Amino acid sequence: MFVMNASFEIDKEHEDRLAHKAKKNKQEILEADGVVSFECWRKEHRETVEYVFVSKWKKQEDFKAWISREEHVEEHKEMNKKKKVEEPAVKIKKTLRSFDLFEIE
């Protein structure tokens with residue numbers, strides 16, 4: 001099993017962007033081949049809010065296939081174009097962590 005943990009932290013006034021992303025990701029991920037589960041965790045900080053998307057996959061290749069699909073790549077291209085035009089820029093801190101299942105014998 002393979003687990004992907006994607007953390008997004010944004011200022012509280014723009015939290016709606018992460019909430020929308022969580023709903024969209026859930027719908028898309030749950031339709032993907034090889035997905036086992038998807039959860040979204042939320043943590044409030046003093047000035048920011050953090051959403052952590054935790055997806056579990058049968059194998060890492062399933063996850064790679066999902067993020068490599070054309071719609072996902074195009075979505076990231078569009079987001080990068082928007083970043084260059086937005087004033088003032090909305091900062092999102094993104095942290096990715098992945099894990100393989102460790103079987104305890």
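This is a short tour of one sheet, the helix lying across it and a serine in one of its strands. Keep in mind that you're looking at a predicted model.

**Stop 1: the sheet.** Colour the strands and read across them: the order is E2-E3-E1-E4, an open sheet of 4 strands with antiparallel pairing. Now go to the edges, where you'll find E2 (35–44) and E4 (92–100). Each of these two has a single partner strand, so one of its sides has no neighbour in the sheet. Turn the view to look at the twist: on average, neighbouring strands here are rotated by 15° against each other, ignoring direction.

**Stop 2: E1 and E3.** Next, select residues 2–11, which is E1, together with residues 48–57, which is E3. The two run antiparallel and are joined by 10 bridges. For one to zoom in on, pick Val3: its bridge partner in E3 is Lys56.

**Stop 3: the helix.** Bring up residues 15–29, helix H1. H1 lies across E1, E2 and E3, and runs at about 10° to E3.

**Stop 4: Ser7.** Back in strand E1, click on Ser7. Is Ser7 buried or exposed? Ser7 has a relative accessible area of 9%, below the 20% cut-off, so this residue counts as buried. Show what surrounds Ser7: leaving out residues up to four places away in sequence, Ser7 touches Glu50, Tyr51, Val52, Lys93, Lys94 and Thr95. Finish on Glu50, whose side chain makes a polar contact of 2.6 Å with the side chain of Ser7.

Note on methods
Residues numbered from 1 in each chain as written. Predicted model: local features only at pLDDT ≥ 70, side-chain atom pairs only at ≥ 80, totals over all residues. Heavy atoms only, no water. Buried < 20%, exposed > 50% of the residue type's maximum accessible area, 1.4 Å probe, protein only. Polar contact = N/O pair within 3.5 Å; in protein donor to acceptor, adjacent residues only side chain to side chain. Contact = heavy atoms within 4.5 Å. Pairing = 2+ DSSP bridges. Axes fitted to C-alpha atoms, helices over the stretch in contact; angles between N-to-C directions.
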